[in-house]
Amino acid sequence: MKFKYTTIKILFVAIVLSLSACKDDFFETSPSGDLTGSETYSSTKNIDALINGTMRYLMETSTSQDNPGLSAITLTHEVMGEDAIARDGVYGFRDSYPYKDPFDNTTRRALFFWSFQYKVIDNCNNILANVDNASGTDAERRYLKGQALALRGFVYLNLVRQYQFTYAKDKNAKAVPVYTEPTSPTSVPKARATVEQVYNQAIGDLTQAETLLVGFVRKVKNRPDANVVKGLLARAYLTQENWALAATKAREARTGYNIMEAAQYTQGFNDVSNVEWIWGHPQQADQNLGGASYFAYIDVTPAAGYRSIMPDPYFKQLFADGDIRKTLFETVTAPADPMYRWIKYKKFINKADQSGHIVLMRSSEMALIEAESKARLNDLTGAISALNEVRVKRNLPGAVVANFNQTTLIEEILTERRRELWGEGFRLYDLLRLQRAPVRKESVETIRVGAADVLIKGHYVLKFPDNSNLVPNSVYYLFPIPINEVNTNSNL
């Protein structure tokens, strides 16, 4: 990637070190933010702070109110599907919902999605290039290298699924450039690697990280450890349709992370202490970015705020009576309420001091990866067993093998992914890997208000911007390489 090297490099190091140096009881002690040049990488203590700052940069950097770090991608993925809607007339994701700003390579969002992820990669590359010479113990260097590889693999896995169609469709399609060394003023910008090459890089990084992180005990769940890496490998293998390895890694990833009880599901999804959170981003109130934050858009419970992301009425119909998750739906029936006629889904509730934590990986996801993978291998008994790990903790009766064949069981597991993982950024990834189109239908459900039946609000965009129908494998689902990159990288 052809950065304006000097400006961005210095700025980025300053950002991550200053983020690390903020008052923050969640994280390890950080060095002062005035380190420059070789001092940044001179010790494992300094590099540890840089990894911490890189993680916070990934989650907290914001170029505008509607680009709250990785959460901007998470929420974009949701509203580009069918189960979530960006409320009409409300700031944030109203242009992502109709497939406009993710597709348009001239928007600030297109530039942000690309540049901030590659900045994380560049920082990981700098850590990997310098960590072996840092003062500290062998174990400290090994663990820091493992975390940098894990973060780089995580970002490459995201990029390859965001900027090109799925591996099974065409592994030789051009995806995104791969950089494994720090950029410099003389760096030659790279051409786009193939989908297969990017997967090889991501899986190679994660496989190496898995070995390096053996024995690493993190203090906070924001750091990638061996369980996180196994979960990322499970995601990669699932998309590659390597079902056996996906099932194995998913099972290993959730070892030690029991699926939460039903009552915990109603507590707001806002704290990494949750027993099933394998990976998450904790923060304090002074780290919250106000309107530019995940909860500002997805928490629908306050009386004020954006409250942008709403469930589709048809999504509610996916839940059976008795399911604890169904209790989280609430239809707004007061005409004076700005959300009148919308259905609220109260899965995510910010903390009172606005310090809600952001979930990045849960054991429920891993159980469902194992279930789907085993079902596709025609191990229906094993698939049902993994599926029921989730179902019974949601107050549902266990599924019975005799009621399914392979096809119907796979569809049930995919539906369970929609029910369980809503709002966590998986819907667009699933549509792309399954080579399906979102099914958006106008709402027909009504509620009684006074003496009249009024229509509940639902989808109001049913076609692409060119007025064509929603179809599988459309370029409207792919993020564009921003015009800035196209203009500066002739090798694209």
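Helices here are DSSP runs of H or I with at least four residues, strands are DSSP runs of E with at least two, and both are numbered from the N terminus. By that count, Ile481 sits in the loop between strand 8 (452-455) and helix 15 (483-488). The model on screen is a predicted one.

**Whole chain**

Start with everything shown as a cartoon. The chain has 15 helices and eight strands. Its C-alpha atoms occupy a box of roughly 70 × 50 × 45 Å along the principal axes. A compact globule of 492 residues would have a radius of gyration near 23 Å, and the 22 Å of this chain agrees with that.

Colour by accessibility next. Of the 492 residues, 61% count as buried. Switch to a surface: the chain exposes about 18300 Å², with carbon and sulfur atoms supplying 51% of that area. For contacts between residues at least 6 apart in sequence, 73% join residues at least 24 apart.

**Ile481 and the C-terminal segment**

Select Ile481 and display its surroundings. Is Ile481 buried or exposed? Ile481 has a relative accessible area of 14%, so it is buried, the cut-off being under 20%. Apart from neighbours within four places in sequence, Ile481 is in contact with Asn105, Trp114, Tyr163, Arg192, Val486 and Leu492. Add Ala110 to the selection: its C-alpha atom is 7.1 Å from that of Ile481, although the two positions lie 371 residues apart along the chain.

Move on to Leu492, in the segment after helix 15. Leu492 counts as partly exposed, at 32% relative accessibility. Which residues does Leu492 touch, not counting those up to four places away in sequence? They are Pro177, Lys190, Arg192, Ile481, Glu485 and Val486. A distance label between the C-alpha atoms of Leu492 and Arg192 should read 5.9 Å, for residues 300 apart along the chain. Arg192 is among the contacts of Ile481 and among those of Leu492, so keep Arg192 on screen while viewing the pair.

**Helix 7 against helix 11**

Hide the side chains and select residues 226-240 and 363-376, which are helix 7 and helix 11. Their axes are 11 Å apart and the helices pack at an angle of about 35 degrees. The crossing of helix 7 past helix 11 is left-handed. Now show side chains: helix 7 contributes Gly231, Ala234, Arg235 and Leu238 to the contact, and helix 11 contributes Glu365, Met366, Ile369, Glu372 and Ser373. By class, four residues of this contact are nonpolar, two are polar and three are charged. The spacing along each helix has a general background. An α-helix has 3.6 residues a turn, so residues three or four places apart point the same way.

**Arg254**

Keep helix 11 visible and add Arg254, in the loop between helix 8 (243-253) and strand 2 (277-281). Arg254 is buried, with a relative accessible area of 6%. Beyond four places in sequence, Arg254 touches Ile278, Ser363, Met366, Ala367, Glu370 and Glu389. Met366 also belongs to the contact of helix 7 with helix 11. For a sense of scale, pick Glu445: its C-alpha atom is 39 Å from that of Arg254, at a separation of 191 residues along the chain.

**Helix 14**

Select residues 427-434, helix 14. How many of its eight residues are buried? Eight are, and helix 14 is mostly covered. The list is Arg427, Leu428, Tyr429, Asp430, Leu431, Leu432, Arg433 and Leu434. To see the cover, bring in helix 3 (70-79), helix 5 (138-162), helix 7, helix 11 and helix 13 (406-421), which are included in it. Then step just past helix 14 to Gln435, where phi is positive at about 55 degrees.

**Two more positive phi values**

Finish with two backbone checks. Select Tyr99, in the loop between strand 1 (84-86) and helix 4 (108-130). Phi of Tyr99 is near 65 degrees, a positive value in a residue other than glycine. Tyr99 is buried, with a relative accessible area of 0%.

The other stop is Arg341, in the loop between strand 4 (329-331) and strand 5 (343-345). Here phi is near 80 degrees, again positive in a residue other than glycine. Arg341 counts as partly exposed, at 24% relative accessibility.

Conventions: Residues are numbered from 1 along each chain as its sequence is written. Side-chain values use heavy atoms; hydrogens and water are left out. Axes are lines fitted to C-alpha atoms, for helices over the stretch in contact, and angles run from 0 to 180 degrees between N-to-C directions. A crossing is left-handed if the near helix is turned anticlockwise from the far one by less than a right angle, and right-handed if clockwise. Contact means heavy atoms within 4.5 Å. Ala, Val, Leu, Ile, Met, Phe, Trp, Tyr, Cys and Pro count as nonpolar, Asp, Glu, Lys and Arg as charged, and the others, Gly among them, as polar. The radius of gyration is taken over C-alpha atoms; the globule rule is 2.2 Å times the number of residues to the power 0.38. Buried means under 20% relative accessible area, exposed over 50%, partly exposed in between (1.4 Å probe, protein chains only). Accessible areas come from the Shrake-Rupley method with a 1.4 Å probe; for residues, only the protein chains shown count as cover.
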